[in-house]
Amino acid sequence: MSPDTSRWRSAEAYGYVDNLSGADLAWEYLRRNPDYQNDFETASRAHDAERLDARWGLRFPRRSIA
């Protein structure tokens, strides 16, 4: 995950924040966290969503096996 950081300090880029839910605002903060970014990359390569569940308190929908 390599986020586009070019506009992070631009006030006009953040107008939408006023309308975010608590969960959406938490995601905006979390996705910018370098520790989370590193864990996400590691978990993605290992297909290990439980790693993110345990450390960051995230929940991912599980696919049912048919």
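**Close-up views of salt bridges and helix contacts in a predicted model**

**Figure 1. A network of salt bridges links E28, R31 and R32.** The model shown here and in the following views is predicted. Within the network, E28 and R32 form a salt bridge whose closest N and O atoms lie 2.7 Å apart. Both members of this pair, E28 and R32, are buried. In total, the protein has 5 salt bridges; further examples appear in Figures 3 and 4.

**Figure 2. Overview of the protein, which contains 3 helices and 0 strands.** Read from the N terminus, the order of elements is α-α-α. Helix α1 spans residues 22–30, while helix α2 covers residues 34–46 and helix α3 covers residues 49–56. Of the 66 residues in the protein, 20% are buried. The accessible surface amounts to about 5,500 Å², and carbon and sulfur atoms contribute 52% of that area. When contacts between residues at least 6 apart in sequence are considered, 21% of them join residues at least 24 apart.

**Figure 3. A salt bridge joins D39 to R51.** The closest N and O atoms of the two residues are 3.3 Å apart. The pair links distant parts of the chain, with D39 in helix α2 and R51 in helix α3, 12 residues apart. The two side chains also make a polar contact, again at 3.3 Å. How buried or exposed are the two partners, D39 and R51? D39 has a relative accessible area of 7% and therefore counts as buried, since the limit for that class is under 20%. R51, by contrast, has a relative accessible area of 36% and is partly exposed, because this value falls between the 20% and 50% limits. Leaving aside neighbours within four places in sequence, the residues in contact with D39 are R51, L52, R55 and W56.

**Figure 4. E41 and R45 meet through their side chains in a salt bridge.** The N to O distance in this pair is 3.9 Å. Where a salt bridge requires the nitrogen to be within 4 Å of the carboxyl oxygen, the pair qualifies because its distance is 3.9 Å. Both residues belong to helix α2, and because they are 4 residues apart there, about one helical turn separates them. E41 is partly exposed, with a relative accessibility of 28%. R45 has a relative accessible area of 59% and is therefore classed as exposed, the limit for that class being over 50%.

**Figure 5. L30 of helix α1 and its contacts with residues elsewhere in the chain.** L30 is in contact with Y36, W56 and L58, when neighbours within four places in sequence are left aside. One of these partners, W56, is 26 residues from L30 along the chain, and the C-alpha atoms of the two residues are separated by 8.9 Å. Is L30 buried or exposed? With a relative accessible area of 12%, L30 falls under the 20% limit and so counts as buried. W56 also appears among the contacts of D39, a residue located in helix α2. W56 is thus a contact partner of both L30 and D39.

Technical notes: Residues are numbered from 1 along each chain as its sequence is written. This is a predicted model: local features need pLDDT of at least 70, side-chain atom pairs count only at pLDDT 80 or more; totals for chains, interfaces and linings use all residues. Side-chain values use heavy atoms; hydrogens and water are left out. Buried means under 20% relative accessible area, exposed over 50%, partly exposed in between (1.4 Å probe, protein chains only). Helices (H or I, at least four residues) and strands (E, at least two) are DSSP runs, numbered from the N terminus. Contact means heavy atoms within 4.5 Å. Accessible areas come from the Shrake-Rupley method with a 1.4 Å probe; for residues, only the protein chains shown count as cover. A polar contact is a pair of N or O atoms within 3.5 Å; within protein, one must be able to donate a hydrogen and the other to accept it, and residues adjacent in sequence count only if both atoms are side-chain atoms.
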